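Colleague: I'd like to go through this model with you and ask how each label was earned. Shall we start once it is on screen?

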Amino acid sequence: MPSNREDPAPHEGTAITTPQRTDVPLLRHRRRNDVAPEEVDENSYVDPEAAAMYSAAPWMQHIPLASEAMTGYGPRPVFSLGVCYFFNKGLANQLMNSATYAMLINRFKMPPERYNRLGSMGTLGWSLNAFTAMMCDTFALMGYTKRWYMFISSLLSGVLTIIYAVLPARPSSADTAAAFIFLASFGRANVDILSEGYYTRKMRQHPKPGPALVSYIWCASMAGTIISSAINGPVSDKGVPQVNIYIAGAVQTVISVIFAVNWYQEGRNTEEREEDAYVLFKEELLLREGCVADDDSGANEQEMVGGADGSAHILLGDCSHESREGKLTTCPEHVEGEEGDVNHISDEDERRATQGFVYENPPRRFCCGFIELNSQVIGENWRIFVYSCVMTAAVLAETVGTIFADTLGLLLILVIVSTVCCATSFWALQRTIAMANVFGYLAVMVDITVWGPMYNFYVATEKCLPDGPHFSYTFYTTIGPIVGNIAGIVGVNAFNYIFRTQRYRLVFVLTTFVNIFGNIFDIIIVKRWNTHIGIPDHAMYLFGNAVVYDVCYMIAWMPMIVLISRLCPRGSESMVFAIMSGFRTIGQTTAAQIGTVILEFGWNVPACDFTNLPMVLLVCRVLSPLLVIPLVFLVPNARICDDLDIDGHILQAKIDDADLLAREAVSSTTDTEEKDLAKKGK
């Protein structure tokens with residue numbers, strides 16, 4: 001929600017910024033670059049469209065999460081992100097996932113042992129999004145790096161989902177159905193990862209409302225999940241689970257309209273590349289001038305580095321005249337809605353030219369501009385390009401192994417995939433990013449899942465398991481998920497209002513213990529201890545893992561989203577975000593396949609014999625997750641609200657465009673004045 005807050009008073013170690021004008025209204029009907037630099041204030045900045053909307057409907061400034069996000073990013077992008085995540089990751093994805101058991105087991109008569117393997121095909125589809133992001137960041141389609149890729153992915157995913165629904169209901173269709181699950185989930189994953197890359201870029205430009213935007217997006221996603229859960233259970237109990245699939249395909253097709261009309265307001269590729277180059281130019285200019293000032297004053301104690309929002313920051317440390325790329329790179333900041341504003345663009349180009357900025361490496365166009373090659377992106381990130389190819393090969397190997405390999409062959413594939421991907425991560429990525437990437441993978445991999453046997457146990461009939469819980473589909477896939485997702489929404493808001501000021505390591509450790517606590521409830525139900533003390537199975541399940549799992553998942557994953565957005569290098573947000581998110585998804589798939597190996601090797605759990613299930617749950621869901629605790633040292637020892645550079649350092653203070661212009665003005669003054677200004681900047 002917009003607020004009229006003043007900047008904190010300067011203190012030692014903080015850059016002194018130009019005083020803010022008191023006559024600037026809170027809701028400014030102008031773009032950030034349309035005002036003089038001294039008027040720009042991150043704390044009071046309001047997007048022009050949001051300002052107009054608040055003027056017409058003041059009550060919209062008080063919508064939890066959404067108003068704060070719209071203030072920083074605009075109503076149309078925020079609304080579109082909410083709709084996309086509601087339908088894509090919430091409604092469609094949950095309908096597909098929740099109906100998988102009923103479709104494969106009941107409709108296509110797949111044996112339970114086979115389901116333990118192929119039930120994770122949907123998750124494998126989400127692991128390929130790194131390849132998509134790599135292609136999108138490298139090859140812009142019709143002038144955009146995300147827009148048309150998301151349109152095509154959403155449309156094709158909807159079509160493939162509907163084809164999956166109309167497959168003949170016979171056992172011979174089971175493997176084909178698993179293949180369509182994989183392909184359709186790949187399309188949904190593309191929309192998701194490119195949307196994440198889009199709002200990651202937004203968060204880099206305006207970091208302050210970032211946590212509110214992430215919380216808003218996840219609330220929208222979970223609202224869709226709740227509605228899908230309300231649909232899925234009764235439909236599955238009626239014996240027509242394919243209806244869920246039809247609905248998922250329809251909504252997946254509909255959201256393609258958002259991308260067709262560009263309600264995300266994604267900037268054109270040429271403008272965004274130029275923006276990235278200009279921001280890097282500013283960072284390098286400030287770095288060099290800051291070092292010169294420090295050398296002149298006899299103090300070499302501070303370092304200027306580029307921040308996540310395109311401004312510069314002061315860090316304790318040695319100055320260096322070399323950039324991360326080893327040379328000055330260049331390019332202008334694109335602001336949505338500036339197309340056609342010729343006078344503004346001319347003024348901006350003239351201002352940047354006076355700073356010495358020259359845009360030297362624009363995208364190369366092919367096929368009459370239908371395809372644009374971002375050669376600079378691929379040139380500077382060729383290791384990431386190779387790594388994404390390695391990950392793609394790993395996912396395909398794991399997919400083939402899941403379908404065709406025996407137990408030992410699958411185990412060998414999992415070991416090779418894990419070793420190669422983790423090792424290659426440190427070769428391809430900056431060390432801090434690589435460590436966070438490996439943590440994201442290992443943290444979910446050690447949380448070994450055995451959903452197949454648990455599903456069989458909870459929905460087993462009285463004939464199969466006389467003393468079992470005998471949950472209906474309506475309860476297990478509707479009431480349980482609704483309660484869980486309501487708890488997840490609580491977790492989302494707890495993250496935004498409670499955990500955002502905590503350290504990453506503490507949050508990951510706390511969620512690990514709470515997750516283990518929730519998993520113990522499953523063991524209690526399987527052992528039937530709850531019935532001995534008079535607690536019904538339904539109550540024990542609802543107030544146990546159904547609630548705890550979703551809360552822990554949200555609180556543990558959202559810090560990872562924020563951490564990734566802080567560490568992603570500029571210009572390749574989608575690529576790096578996709579790699580880290582995709583690698584984490586591979587970890588989830590690997591966890592499911594490790595559970596399959598355990599079930600096939602030693603503790604087999606047949607359809608109606610659950611004797612080994614308590615021991616499987618103890619090892620996979622209680623003991624193994626404890627390995628997350630030593631792994632937390634792979635992530636930076638920083639608070640979630642801290643702004644970080646790509647080395648994981650906490651940025652102490654920011655210097656924006658006003659300070660850049662002030663430094664340029666000072667360059668024409670006497671040496672004494674320069675020294676005084678440098679001392680004040682400290």
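**Labels and the values behind them**

Modeller: Let me begin with helix H2, which is largely enclosed by the rest of the structure because seven of its eight residues are buried. Keep in mind that this is a predicted model.

Colleague: Which residues of H2 are the buried ones, and what do they pack against?

Modeller: They are Ala66, Ser67, Ala69, Met70, Thr71, Gly72 and Tyr73. These buried residues pack against H1, H3, H8 and H9. Just after H2, glycine 74 has a positive phi of about 100 degrees.

Colleague: Why are H1 and H2 called oblique to each other?

Modeller: The axes of helix H1 (residues 48-56) and helix H2 (residues 66-73) cross at roughly 130 degrees and come within 6 Å. Roughly perpendicular covers 65 to 115 degrees and roughly antiparallel starts over 145. The crossing angle falls in neither range, and H1 and H2 are therefore oblique. On the H1 side, Ala50, Met53 and Tyr54 meet Ser67, Met70 and Thr71 of H2. By class, that contact has four nonpolar, two polar and no charged residues.

Colleague: What makes H6 oblique to H8?

Modeller: Helix H6 (residues 129-138) packs on helix H8 (residues 174-205) at about 55 degrees, with the axes 9 Å apart. Roughly parallel needs an angle under 35 degrees, and roughly perpendicular begins at 65. The H6 and H8 angle meets neither condition, so this pair is oblique. H6 also passes H8 in a right-handed crossing.

Colleague: Which residues of H6 and H8 meet?

Modeller: From H6 come Asn129, Thr132, Ala133 and Cys136, and from H8 come Phe186, Ala189, Asn190, Ile193 and Leu194. By class, the contact of H6 with H8 counts six nonpolar, three polar and no charged residues.

Colleague: At what angle do H3 and H9 pack?

Modeller: H3 and helix H9 (residues 210-237) pack at about 35 degrees, and their axes are 7 Å apart. H3 passes H9 in a right-handed crossing. Their contact has 17 nonpolar, eleven polar and one charged residues by class.

Colleague: Now for single residues. How do you know that threonine 590 is buried?

Modeller: Buried means under 20% relative accessible area. Threonine 590 has a value of 1%, so it is buried. This threonine is found in helix H24 (residues 573-601). Not counting residues up to four places away in sequence, threonine 590 touches Glu398, Leu414, Ser418, Tyr441 and Met445.

Colleague: Why is phenylalanine 513 called partly exposed?

Modeller: Its relative accessible area is 46%. Buried would need a value under 20%, and exposed a value over 50%. Phenylalanine 513 fits neither, so it is partly exposed. The residue lies in helix H20 (residues 504-527). Leaving aside neighbours within four places in sequence, phenylalanine 513 is in contact with Leu626 and Ile629. Phenylalanine 513 and isoleucine 629 are 116 residues apart in sequence, with their C-alpha atoms 9.3 Å apart in space.

Colleague: What makes lysine 109 and cysteine 368 exposed?

Modeller: The cut-off for exposed is over 50%. Lysine 109 has a relative accessible area of 54%, so it is exposed. Cysteine 368 has 88%, so the same label applies. Lysine 109 lies in the loop between H3 and helix H4 (112-118), and its phi is near 55 degrees, a positive value in a residue other than glycine. Cysteine 368 sits in the loop between strand E4 (364-366) and strand E5 (371-373). Its phi, near 60 degrees, is also positive in a residue other than glycine.

Colleague: Which residues touch the most other members of the largest nonpolar core?

Modeller: They are Tyr164, Tyr199, Leu213, Phe439 and Tyr541, in a core of 147 residues. Helix H3 (residues 75-107) gives the largest share of this core, 15 residues. Phenylalanine 439, leaving aside its neighbours within four places in sequence, is in contact with Phe508, Met560, Val628, Leu631, Val632, Leu634 and Val635.

Colleague: And how does the chain look as a whole?

Modeller: The protein chain has 28 helices and six strands. Of its 682 residues, 59% are buried. Among contacts between residues at least 6 apart in sequence, 80% join residues at least 24 apart.

Terms used: Residues are numbered from 1 along each chain as its sequence is written. This is a predicted model: local features need pLDDT of at least 70, side-chain atom pairs count only at pLDDT 80 or more; totals for chains, interfaces and linings use all residues. Side-chain values use heavy atoms; hydrogens and water are left out. Axes are lines fitted to C-alpha atoms, for helices over the stretch in contact, and angles run from 0 to 180 degrees between N-to-C directions. Helices (H or I, at least four residues) and strands (E, at least two) are DSSP runs, numbered from the N terminus. A crossing is left-handed if the near helix is turned anticlockwise from the far one by less than a right angle, and right-handed if clockwise. Contact means heavy atoms within 4.5 Å. Ala, Val, Leu, Ile, Met, Phe, Trp, Tyr, Cys and Pro count as nonpolar, Asp, Glu, Lys and Arg as charged, and the others, Gly among them, as polar. A nonpolar core is a set of buried Ala, Val, Leu, Ile, Met, Phe, Trp, Tyr and Cys residues joined through side-chain atoms within 4.5 Å. Buried means under 20% relative accessible area, exposed over 50%, partly exposed in between (1.4 Å probe, protein chains only).
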